[in-house]
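Biologist: I've got a structure open here and a handful of questions about it. Could you walk me through the answers?

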Amino acid sequence: MISTKNLTGDIYGGVTAAVVALPLALAFGVQSGMGAIAGLYGAIALGFFAALFGGTETQISGPTGPMTVVSSVVIAGEIALYGSVEAAFPTILATFVLAGLLLVLMGVLRIGQYIRYMPYPVVSGFMSGIGLIIIIFQIFPFFGMKAPAGIIDTFSNIAQIASGMNIQAVLLAAATLAIIYLFPKITTKVPSTLVALFVLTIVSVLMGMDVKIIGDIPKGLPEVHLDTIMSLDWHHPMVLFVPALTLAALGAIDSLLTSVVADNMTKTQHDSNKELIGQGIGNMAAGLIGGLPGAGATMRTVVNIRSGGKTRLSGMIHAVVLLMVLLGAGTYAKLIPLPVLAGILISVGIGIIDYKGLKHISHVPRADAAVMVIVMLMTVFVDLLQAVAVGMVLAAILFMKQMADLAESKAVSGVLSELQDSKLYPDEVNIPDEIKSQIHIHHFDGPIFFGFANHLKEMTKDYPEVSVVIFRMKEVPSIDQSGMYAIEDAVLELERRGVNVVMTGLQEQVKDMLRNIKLIPDVIEEEHCFDTFDKAIAQMKENWSSFSEKNR
């Protein structure tokens, strides 16, 4: 439900956010290869529908740096496959619409709640990589030259800048960066990117500078391209699905990270799954009218909140303002110099880089630093989705190793009579000597999972000749399939050697799992599973002979 209780604040927040969004939307459209108007269409459609249906009240959505980088790759790849923008246009738009549909599906399936499990080194490396990509792609436009097709091509052709640069373009791009970083020292009430856009466009026109400009922008309301999308070539389905999945995954991450920022500022709690549905609907709408896909935009959301925006109405107003600009300013927008947009995009790239993470790279665990660097380099030189996937796998493996190492370091195993008192629990100290020497104790501390399973097997081989082995399981909250089978192998080996196995302190999940595979009671009898260690020892004292007898 839309609230009008904060109408004045929402209007001011929405208008201010639109002012910030305008130059970025135009710049992202140009960078994508679809033209400035595609960025504006995307900002309008996504901005309106994501605000209307999303789960973050103050979120401002539109084309973002990360989404534009992926969109650029998608567009370039599909143009290379089909031969021209016109031939690839149906597939490009279908990819964008499918990405929105996948986002809606993620929300319906409640996948949004799992995004929070993405490790910081992966997010840091990914965002820094995106920032570097944006900067690298704007090196040639900064000097007034056409950007090469890819990162590698940019570096391999860098020597051409010396002979092909346009000095006037360099001056405009440098002036853009100067205004963006210096104007806030004068005032922050007017976005410095907008000041740079207006002032330097006027300067370029009045001085008759010989620089490339945006060019003609379509006037009037955008056309719905449903028929165009339906006419696409279905002979290459993976060309459609894989890029759409990449865009959807990135859009989910980008949007929900911005939602967290908004929560921290407003002291509210967003609905992550509803947010994904809203972002999906917005991206589908953007694709249908030929707009770029996007996500929740952190800077624009922050500006909205600081300017008084408190409800979803602010995001919708932001989109309406951009629509008014589209209908009335196309004649003037076509005069914007491309070097000015290059300067704006470079500032965006600089802002995306995670300097905090890079600054602390020598002070964080080596594994985290390695993951961050690998993800960053793969983002720049390989593929964004592959970078995130590899980063997640590496982070998971390294985390599992750390947990396994921790469990191993805390595990205590030995014959009670031979262990130092400092390694014994208080209830293990005062046990009669006649049974103490025949009991091998094993303290488990933490979940028993695949990372710990091999260690358990190795420890079992080293058990001495005793009558009873007690597995103390009170500190084991869970066990996975690998852990269950490792326990089973250990118990069967001990039973083969004629050693009775006793378990104490089994938690519900662990007990249920061991019962599911019939380890209890088929191998370990129910009467050898005790709630507490004290009960197990009391039973042994009363009937030690039944425990000390070797199995036949």
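Biologist: In which helix do Phe49 and Phe53 both lie?

Modeller: Keep in mind that this is a predicted model. An α-helix has 3.6 residues a turn, so residues three or four places apart point the same way. Phe49 and Phe53 are four residues apart, about one turn, and they both lie in helix 2 (residues 36-53).

Biologist: And what kind of aromatic pair do Phe142 and Phe143 form?

Modeller: Their ring centres are 5.3 Å apart, with 70° between the planes. Planes over 60 degrees apart count as edge-to-face, so the label for this pair is edge-to-face.

Biologist: Is Phe142 buried or partly exposed?

Modeller: The cut-off for buried is under 20% relative accessible area. Its neighbour in the pair, Phe143, has 21% and is partly exposed. Phe142 has 14% relative accessibility, so that one counts as buried.

Biologist: How many aromatic pairs are there by the ring-centre rule?

Modeller: Rings pair if their centres lie within 6.5 Å. By that rule the count is five. One of them is Phe49 with Phe53, at 6.4 Å centre to centre and 5° between the planes, which is stacked. Phe48 joins Phe49 and Phe53 in one aromatic cluster, and the total number of aromatic pairs is five.

Biologist: How do Phe49 and Phe53 count, as buried or partly exposed?

Modeller: Buried needs under 20% relative accessible area and exposed needs over 50%. Phe49 comes in at 29% and Phe53 at 36%. Both values fall in between, so Phe49 and Phe53 count as partly exposed.

Biologist: Where does Ile111 lie?

Modeller: Ile111 helps make a nonpolar surface patch of about 630 Å², together with Leu105, Val108, Leu109, Tyr114 and Tyr117. With a relative accessible area of 34%, Ile111 is partly exposed. As for its place in the chain, Ile111 is in the loop between helix 4 (85-108) and helix 5 (120-137).

Biologist: Now helix 14. Which elements do its buried residues pack against?

Modeller: Helix 14 covers residues 298-306, and its buried residues are Arg300, Thr301, Val302, Val303, Asn304 and Ile305. Just after the helix comes Gly308, with a positive phi near 115°. The packing partners of those buried residues are helix 1 (7-32), strand 1 (61-62), helix 12 (237-266) and helix 15 (312-328).

Biologist: Which residues does Asn304 touch, leaving out those up to four places away in sequence?

Modeller: Asn304 lies in helix 14. Its relative accessibility is 0%, so Asn304 counts as buried. The residues in contact with Asn304 are Gly13, Gly14, Ala17, Thr58, Ile60, Gly309 and Ser314.

Biologist: Zooming out, what is the radius of gyration of the chain?

Modeller: The chain has 27 helices and seven strands. For 552 residues the globule rule gives 24 Å, and the chain is well over that, so it is more spread out than a compact globule. Its C-alpha trace spans about 105 × 55 × 55 Å along the principal axes. The radius of gyration is 31 Å.

Biologist: Last one: what share of contacts between residues at least 6 apart in sequence join residues at least 24 apart?

Modeller: First, some context: 53% of the 552 residues count as buried. The accessible surface is about 25,100 Å², with 63% of it belonging to carbon and sulfur atoms. For the contacts you asked about, the share is 81%.

Technical notes
Residues are numbered from 1 along each chain as its sequence is written. This is a predicted model: local features need pLDDT of at least 70, side-chain atom pairs count only at pLDDT 80 or more; totals for chains, interfaces and linings use all residues. Side-chain values use heavy atoms; hydrogens and water are left out. Rings of Phe, Tyr and Trp (its six-membered ring) pair if their centres lie within 6.5 Å; planes under 30 degrees apart count as stacked, over 60 as edge-to-face and the rest as tilted. Helices (H or I, at least four residues) and strands (E, at least two) are DSSP runs, numbered from the N terminus. Buried means under 20% relative accessible area, exposed over 50%, partly exposed in between (1.4 Å probe, protein chains only). Patches are made of residues with over 30% relative accessible area and no salt bridge: like charges are joined within 9 Å, nonpolar side chains (Val, Leu, Ile, Met, Phe, Trp, Tyr) within 5 Å. Accessible areas come from the Shrake-Rupley method with a 1.4 Å probe; for residues, only the protein chains shown count as cover. A salt bridge is a side-chain nitrogen of Lys or Arg within 4 Å of a carboxyl oxygen of Asp or Glu. The radius of gyration is taken over C-alpha atoms; the globule rule is 2.2 Å times the number of residues to the power 0.38. Contact means heavy atoms within 4.5 Å.
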